[in-house]
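Morning, everyone. I'd like to spend a couple of minutes on aromatic rings. Please have a look at the model first.

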Amino acid sequence: MKLYAKYVIPLSLAFVTILSSCGPSRSEVVRVADVLEVDDAVLTEGTSDTLRLGRMRQGEKVVKRLRIENACDAPIVIVRHATSCGCVVPEYERRPIPAGGSADIVFTFDSQGEYGWQMKLLDFYLSSSVRPLKIYVEAEVE
């Protein structure tokens with residue numbers, strides 16, 4: 001019994017631990033927020049910005065927040081968006097952002113099936129905006 005308790009039980013636990021860590025794993029990495037200020041010039045002329053996600057392994061999901069700060073005198077609303085790829089999914093609330101207020105857009109980039117340098121485009125259409133807000137998502141998938 002001492003031999004069993006001394007060797008078999010610890011070896012069995014180690015074997016189970018190793019097996020449970022094998023297999024496909026999809027990790028999710030959360031990156032810090034960037035800030036984009038929307039003012040009257042942005043609403044009339046449009047603007048673009050790039051979210052750089054850096055390097056990641058294929059199969060990883062990276063989540064990044066973009067804070068939209070309303071520097072206009074009136075509330076703005078993200079009316080709709082369009083994406084160039086289904087691998088980038090934005091999430092945001094469809095409610096007015098008051099003057100002086102802010103709201104977050106959360107981007108999730110799924111690198112499954114992607115390889116190499118990636119540049120994805122998202123257009124956000126804001127209320128009372130002439131041109132869309134263009135957000136590029138850049139990543140290097142290894």
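Which residues do ring pairs link into a cluster? They are Tyr92, Phe107 and Phe124. Keep in mind that this is a predicted model.

Let's go pair by pair. The count of aromatic pairs comes to two. Start with tyrosine 92 and phenylalanine 124. Their ring centres are 5.8 Å apart, and the planes meet at 75°. That makes the pair edge-to-face, because the angle is over 60 degrees.

Where do these two residues sit? Tyrosine 92 is in the loop between β5, residues 88-91, and β6, residues 102-110. Phenylalanine 124 is in strand β7, residues 116-126. So this pair ties together parts that are 32 residues apart in sequence.

Now, buried or exposed? Tyrosine 92 is buried, at 14% relative accessible area. Phenylalanine 124 is buried too, at 0%.

On to the other pair. Phenylalanine 107 meets phenylalanine 124, with 6.0 Å between the ring centres. The planes stand at 90°, so this pair is edge-to-face. Phenylalanine 107 lies in strand β6, and phenylalanine 124 in strand β7. The pair therefore ties together parts 17 residues apart in sequence. Phenylalanine 107 counts as buried, with a relative accessibility of 3%.

One more ring before I stop. What sits over the ring of tyrosine 125? It is the charged end of arginine 80. The distance to the ring centre is 3.9 Å.

To recap: phenylalanine 124 pairs with tyrosine 92, and also with phenylalanine 107. That's my tour.

Terms used: Residues are numbered from 1 along each chain as its sequence is written. This is a predicted model: local features need pLDDT of at least 70, side-chain atom pairs count only at pLDDT 80 or more; totals for chains, interfaces and linings use all residues. Side-chain values use heavy atoms; hydrogens and water are left out. Rings of Phe, Tyr and Trp (its six-membered ring) pair if their centres lie within 6.5 Å; planes under 30 degrees apart count as stacked, over 60 as edge-to-face and the rest as tilted. Helices (H or I, at least four residues) and strands (E, at least two) are DSSP runs, numbered from the N terminus. Buried means under 20% relative accessible area, exposed over 50%, partly exposed in between (1.4 Å probe, protein chains only). A charge sits over a ring if NZ of Lys or CZ of Arg is within 6 Å of the ring centre and within 35 degrees of the ring normal.
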